[in-house]
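Thanks for coming. I will take one part of this protein at a time, starting with its strands and ending with a pocket.

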Amino acid sequence: AKLGVDILKIPSGQINNLPYLRATAKYNKKIYLSSGISYLSEIKDALNVLINYGTKKSNICVLHCSSEYPTNIRDVNLNAMKTIKKMLKVKVGYSDHTIGSDVAVSAVAMGASVIEKHFTLDKNLEGPDHKASLNPKELNRFIKSIRNTEILLGSEEKKPNPHEIKNILA
């Protein structure tokens, strides 16, 4: 916060660290709260601490994730984002630790407003997250896929597309 960043990220492993949450909340910045290895009740408790100590609820986005590197797609459970959003009335996002980009793009289609994806210059480096990270070329394709998904989602209004009007007259 002292460096002037606009958004603070709370990693999954700190979701139950109440002194850390209280200290972070006092800055009243936007917060991305990762929710790996946690139950819904723990996310709710963390949100209550953040809100009670100074962060506006509207500034918080809960990132659904699995804290496994890489995450097997069977362990993703994107539907949990719906539960978090519905039950806790917060913005949701997805922190992706799977290999590739399909899961994160699907999360956008399901309403994720934030995507976190690790990137690396070398997938063979030591450490748990390099294998699930994207290299610069993959990151570029990843961003394009997400932007295309945002476009294809369109609006919630159902009406003829301007380009299909000609078919009404045919």
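Before the strands, one term: two strands count as paired if DSSP finds at least two bridges between them. What you see is a predicted model.

With that term in hand, look at strand 2, residues 30–34, and strand 3. They run parallel, and four bridges join them. To find the register, take serine 34, which stands opposite leucine 63 in strand 3. How does the chain get from strand 2 to strand 3? It goes through helix 2, residues 40–52, and this β-α-β crossover is right-handed.

Now the other neighbour. Strand 3 also pairs with strand 4, residues 91–96, again in the parallel sense and over four bridges. Leucine 63 comes up here as well, since it stands opposite glycine 93 in strand 4. The connection uses helix 3, residues 79–88: strand 3, helix 3 and strand 4 make a right-handed β-α-β unit.

So much for the partners of strand 3. Is strand 3 itself covered or open? Strand 3 spans residues 60–64 and is mostly covered, with five of its five residues buried. Its side chains go two ways: Ile60, Val62 and His64 point to one side, Cys61 and Leu63 point to the other, and all are buried.

Next, a single residue after strand 4. Histidine 97 sits in the loop between strand 4 and helix 4, which covers 102–109. Is histidine 97 buried or exposed? Its relative accessible area is 4%, and the cut-off for buried is under 20%, so histidine 97 is buried. What lies by its side chain? A polar atom of that side chain is 2.8 Å from the backbone oxygen of serine 66.

Last, the pocket. The largest pocket holds about 220 Å³ of space. Two elements give two or more residues each to its lining: strand 5, 115–117, and helix 5, 136–153. Which of them gives the largest share? Helix 5 does, with six residues. In total, 14 residues line the pocket, and those nearest its centre are Val114, Ile115, Phe142, Ile146 and Arg147. Sorted by class, the lining has nine nonpolar residues, four charged and one polar.

To recap, strand 3 pairs in parallel with strand 2 and with strand 4. The largest pocket takes the largest share of its lining from helix 5. That is the end of my part.

How values were computed: Residues numbered from 1 in each chain as written. Predicted model: local features only at pLDDT ≥ 70, side-chain atom pairs only at ≥ 80, totals over all residues. Heavy atoms only, no water. 1 Å grid on protein atoms, 1.4 Å probe; cavity = no way out; pocket = protein on both sides within 12 Å on 5 of 7 lines; lining within 4 Å. Points joined across faces, edges and corners; volume = space filled by probe spheres on them. Nonpolar A, V, L, I, M, F, W, Y, C, P; charged D, E, K, R; others polar. Buried < 20%, exposed > 50% of the residue type's maximum accessible area, 1.4 Å probe, protein only. Right-handed = clockwise from strand over helix to strand, strands pointing away. Polar contact = N/O pair within 3.5 Å; in protein donor to acceptor, adjacent residues only side chain to side chain.
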